[in-house]
Structures are given as structure tokens and as C-alpha cells.
Amino acid sequence: MKKEEFRLQGAFYCGGKQWRCTDIGTRVITAICTSNYTKDPSWLNGPPYACAEAVFDEYDQEACTLSPDEYDQEACTLSPDE
């Protein structure tokens, strides 16, 4: 994906996980992994968030997609805490 395709609070996929965009910076995107908190969605309320945010740089953004069927699991270098 390109930086312009990310939307605040919008969902995207990377590394076989669903993520929610929490901030769009000049060169990076920050996001929380929503796949890890299906049992207790209150962790996804914020900001501030109870779960850790991950930073997607220019190279990580290339591995992201808007469709869960199109992602390349090996291309994404981020691994959220399980």
C-alpha cells in the first residue's frame, strides 16, 4: 500500500493479521493489531490504547493490503505480541 491509502481508524492487513491505523505521520504509519484482541475488544479503545502500537515504515507499508486475501505473509516484518 501507499501512505495515501491508509485511513485513520481504517483496517488493513499485514503478516496474516488485521491492523487498525492509529496515526499517519510524514513517513510512517502507526497501528494496533486487532487480531489479538477478539476476546476483549476494550483493549482497542483509545487513544491511548491498552495494547502496543506498531510503527510501519516505508518498507513495511509496501507489504500491507486492504484485502485479507491479497497479503503476502512473509513480506511483512512486523510481528505483534501474541
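**Reading a predicted four-stranded sheet**

Author: Let's open with R27, which counts as exposed at 56% relative accessibility. Buried means under 20% relative accessible area, exposed means over 50%, and partly exposed lies in between (1.4 Å probe, protein chains only). This is a predicted model, in which local features need pLDDT of at least 70 and side-chain atom pairs count only at pLDDT 80 or more, while totals for chains, interfaces and linings use all residues. Residues are numbered from 1 along each chain as its sequence is written, and side-chain values use heavy atoms, leaving out hydrogens and water.

Reader: Thanks! With which residue does E58 form a salt bridge?

Author: The general idea is a side-chain nitrogen of Lys or Arg within 4 Å of a carboxyl oxygen of Asp or Glu. By this rule the count here is one salt bridge. E58 pairs with R27, and their closest N and O atoms are 3.2 Å apart. E58 lies in helix 1 (residues 58–62) and R27 in the loop between strand 2 and strand 3, so the pair ties together parts 31 residues apart in sequence. E58 is partly exposed, at 35% relative accessible area.

Reader: And in what order do the strands of the sheet run?

Author: Helices (H or I, at least four residues) and strands (E, at least two) are DSSP runs, numbered from the N terminus. Two strands pair if DSSP finds at least two bridges between them. Here an open sheet of four strands has the order 1-2-3-4, with antiparallel pairing. Strand 1 and strand 4 are at the edges with a single partner strand each, so one side of each has no neighbour in the sheet. Strand 2 and strand 3 pair over five bridges, and W19 stands opposite C33 in strand 3.

Reader: Which residues touch the most other members of the largest nonpolar core?

Author: A nonpolar core is a set of buried Ala, Val, Leu, Ile, Met, Phe, Trp, Tyr and Cys residues joined through side-chain atoms within 4.5 Å. In this core of 13 residues, they are F6, F12, C14, W19, F56 and C64. Two or more residues each come from strand 1 (11–14), strand 2 (17–24), strand 3 (29–33) and strand 4 (54–56). Strand 3 gives the most, with three residues. Another core, of five residues, lies apart from this one and includes I32, Y37, L44 and Y49.

Reader: Is Y13 buried or exposed, and what does it contact?

Author: Y13 sits in strand 1 and is buried, with a relative accessible area of 18%. Contact means heavy atoms within 4.5 Å. Leaving aside neighbours within four places in sequence, Y13 is in contact with Q18, W19, A63, C64, T65, L66, S67 and P68. Y13 and L66 are 53 residues apart in sequence, yet 6.1 Å apart in space, C-alpha to C-alpha.

Reader: Last one: where does the backbone call for a second look?

Author: Check omega and phi. The peptide bond from G46 to P47 is cis, with omega near 5°, and the bond from P47 to P48 is also cis, with omega near -10°. P47 is in the loop between strand 3 and strand 4, and P48 lies in the loop between these strands too. Then look at Q9, in the segment before strand 1. Q9 has a positive phi of about 65° although it is not a glycine, and Q9 is partly exposed, at 44% relative accessible area.
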